[in-house]
Amino acid sequence: DHQQMRHLAAYLLAVLGGNENPSKDDIKNLLSAADIDCDNERLDKLFAEIANSSLAELIELGQSKLSVISGGSGGSGSGPAVEEKEPTPEVVKTPTPSESSGGGMGMFFDSS
């Protein structure tokens with residue numbers, strides 16, 4: 001649920017901020033700074049789940065939980081997701097004298 005995700009997000013922020021092994025008090029302080037109440041039971045559960053886990057494993061855990069939360073229906077929202085592409089610049093080729101039709105004034109005269 002979203003409350004557990006908040007605890008996990010606070011843990012990940014602490015790790016990304018340089019605290020390689022955040023304590024429960026560190027997480028409580030982060031949540032408090034964001035005006036989020038800390039549920040001690042959920043925090044205990046989180047620490048039990050993440051014991052001996054690497055940051056990559058924790059991120060994977062968070063992503064799997066996000067996929068469950070999203071529902072995957074895609075029916076609501078402001079519209080379909082559109083991948084934006086940067087416009088490709090138009091290339092205009094300027095003909096060189098050897099590519100032009102005879103070059104110079106010679107193009108006006110019949111060369112036959």
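Helices here are DSSP runs of H or I at least four residues long, numbered from the N terminus. By that rule, Asn-29 lies in helix α2, which covers residues 24–33. The model is a predicted one, and what follows is a walk through its helices and a few of their residues.

Let's start with the overall picture. The chain has 4 helices and 0 strands, so that reading from the N terminus simply gives α-α-α-α. Of its 112 residues, 17% count as buried. The accessible surface adds up to about 9000 Å², and carbon and sulfur atoms make up 53% of that. As for who touches whom, take the contacts with a separation of 6 or more: 57% of them involve residues 24 or more positions apart.

Helix α1 runs over residues 2–16, which is 15 residues. From its first C-alpha to its last, α1 reaches 20 Å, close to the 21 Å expected at 1.5 Å a residue. Quite a list of α1 residues is buried, including Met-5, Leu-8, Tyr-11, Leu-12 and Val-15. A bit of helix geometry is handy when looking at such a list: an α-helix has 3.6 residues a turn, so residues three or four places apart point the same way. After α1 comes Gly-18, with a positive phi near 110°.

Leu-16 also sits in helix α1. Is Leu-16 buried or exposed? Its relative accessibility is 65%, and because the cut-off for exposed is over 50%, Leu-16 counts as exposed. Leu-16 joins Leu-55 and Ile-59 in a nonpolar patch on the surface, and together the three have about 270 Å² of accessible area.

Back in helix α2, Asn-29 is another exposed residue, this time with a relative accessible area of 52%. Asn-29 can also be placed relative to α1: Asn-29 and Ala-10 are 19 residues apart in sequence, and their C-alpha atoms are 9.2 Å apart in space. Ala-10 itself is on the buried list of α1.

Helix α3 spans residues 40–50, and Ile-50 belongs to it. Ile-50 has a relative accessible area of 4%, so it is buried, given that buried means under 20%. Which residues does Ile-50 touch, leaving aside its neighbours within four places in sequence? The answer is Tyr-11 and Leu-58. Tyr-11 is one of the buried residues of α1. Finally, Ile-50 and Leu-61 are 11 residues apart in sequence, with 9.3 Å between their C-alpha atoms.

Methods
Residues are numbered from 1 along each chain as its sequence is written. This is a predicted model: local features need pLDDT of at least 70, side-chain atom pairs count only at pLDDT 80 or more; totals for chains, interfaces and linings use all residues. Side-chain values use heavy atoms; hydrogens and water are left out. Helices (H or I, at least four residues) and strands (E, at least two) are DSSP runs, numbered from the N terminus. The expected span of a helix is 1.5 Å times one less than its number of residues. Buried means under 20% relative accessible area, exposed over 50%, partly exposed in between (1.4 Å probe, protein chains only). Patches are made of residues with over 30% relative accessible area and no salt bridge: like charges are joined within 9 Å, nonpolar side chains (Val, Leu, Ile, Met, Phe, Trp, Tyr) within 5 Å. Accessible areas come from the Shrake-Rupley method with a 1.4 Å probe; for residues, only the protein chains shown count as cover. A salt bridge is a side-chain nitrogen of Lys or Arg within 4 Å of a carboxyl oxygen of Asp or Glu. Contact means heavy atoms within 4.5 Å.
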